[in-house]
Amino acid sequence: MSFLRRRSGSPAGPDFDVLAMDPGDWPGHFGAMTMTGQDGSCQGIFLRYDLFGGRGPAMFIGNLPDGSPAREPEDGVPFEIRQLLAALENDEPVDLVSTEDFPVLLGDDLLIVKKVKVSEERVFCSQFDRSDGVLVTIASWDRPIADDLYQLLKPLPAEMFQQG
């Protein structure tokens, strides 16, 4: 996939393209946060899409490069699910139930998506590795993730993540 590439020359932001839905296409509020390593490197970008004017987050999308500590949670529950539940003020314990790989066709490209199932049945989650080693995780609340969502993902402008 041509848009899944490592970006160079952006010392004030992540050194990878952040793959997400365009915030302008979302009908509610949008927020972004970064996870910074002790050396100042970007260890992840997380995008929060709130549904219809702040009535609650509907989706988190994480972009985690190789080496990010959030990629390997001890209990197997993705970081994005934990963030989604925290934003919803849902403090019930959540456990990993299962994972399963599914093929998704994007044009002429085949994407292998891992569907993650947790004990909270209203959470839907899928993950895939990009060709540049970045792990993309989508966690949604009370809305199954359909294959057509992957068609909406695209790199966001690097300027969104520049300091200044």
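Q: Does E120 count as buried or exposed in this predicted model?
A: The structure is a predicted model, and within it E120 is found in the loop between β6 and β7 (123–129). A residue is called buried when its relative accessible area is under 20%. Because the relative accessibility of E120 is 13%, this residue counts as buried.

Q: With the side chain of which residue does the side chain of E120 make a polar contact?
A: Leaving out residues up to four places away in sequence, E120 touches L85, N90, V94 and W141. A polar contact, by contrast, is a pair of N or O atoms within 3.5 Å. The side chain of E120 has such a contact, at 3.0 Å, with the side chain of R122.

Q: Which strand gives the most residues to the largest nonpolar core?
A: The largest nonpolar core has 28 residues, and those that touch the most other members are L47, Y49, M59, I61, I138, Y150 and L153. Several elements each supply at least two residues of this core, including β1 (19–20), β4 (57–64), β5 (96–106) and α2 (149–152). The element that gives the most, with four residues, is β3.

Q: Which residues is Y49 in contact with, once its neighbours within four places in sequence are left aside?
A: Y49 belongs to the largest nonpolar core and is among the residues that touch the most other members of it. When neighbours within four places in sequence are set aside, the residues in contact with Y49 are A20, M21, W26, H29, F30, P57, A58, M59 and I61.

Q: How many residues are in the second, separate core?
A: Beside the largest nonpolar core there is a second one, which is separate from it. Its members include I81, L84, A139 and W141, and W141 is also one of the residues that E120 touches. The number of residues in this second core is 12.

Q: How many disulfides does a search of the whole structure find?
A: C42 counts as buried because its relative accessibility is 17%, and C125 counts as buried because its relative accessibility is 4%. A disulfide would need a pair of cysteine sulfur atoms within 2.5 Å. The search of the whole structure finds a number of disulfides equal to zero.

Q: What is the phi of E89, in the loop between α1 (79–87) and β5?
A: Most residues other than glycine have a negative phi. E89 is not a glycine, yet its phi is positive. This residue is exposed, because its relative accessible area is 72%. The phi of E89 is about 60°.

How values were computed:
Residues numbered from 1 in each chain as written. Predicted model: local features only at pLDDT ≥ 70, side-chain atom pairs only at ≥ 80, totals over all residues. Heavy atoms only, no water. Core = buried A, V, L, I, M, F, W, Y, C linked by side-chain atoms within 4.5 Å. Buried < 20%, exposed > 50% of the residue type's maximum accessible area, 1.4 Å probe, protein only. Contact = heavy atoms within 4.5 Å. Polar contact = N/O pair within 3.5 Å; in protein donor to acceptor, adjacent residues only side chain to side chain.
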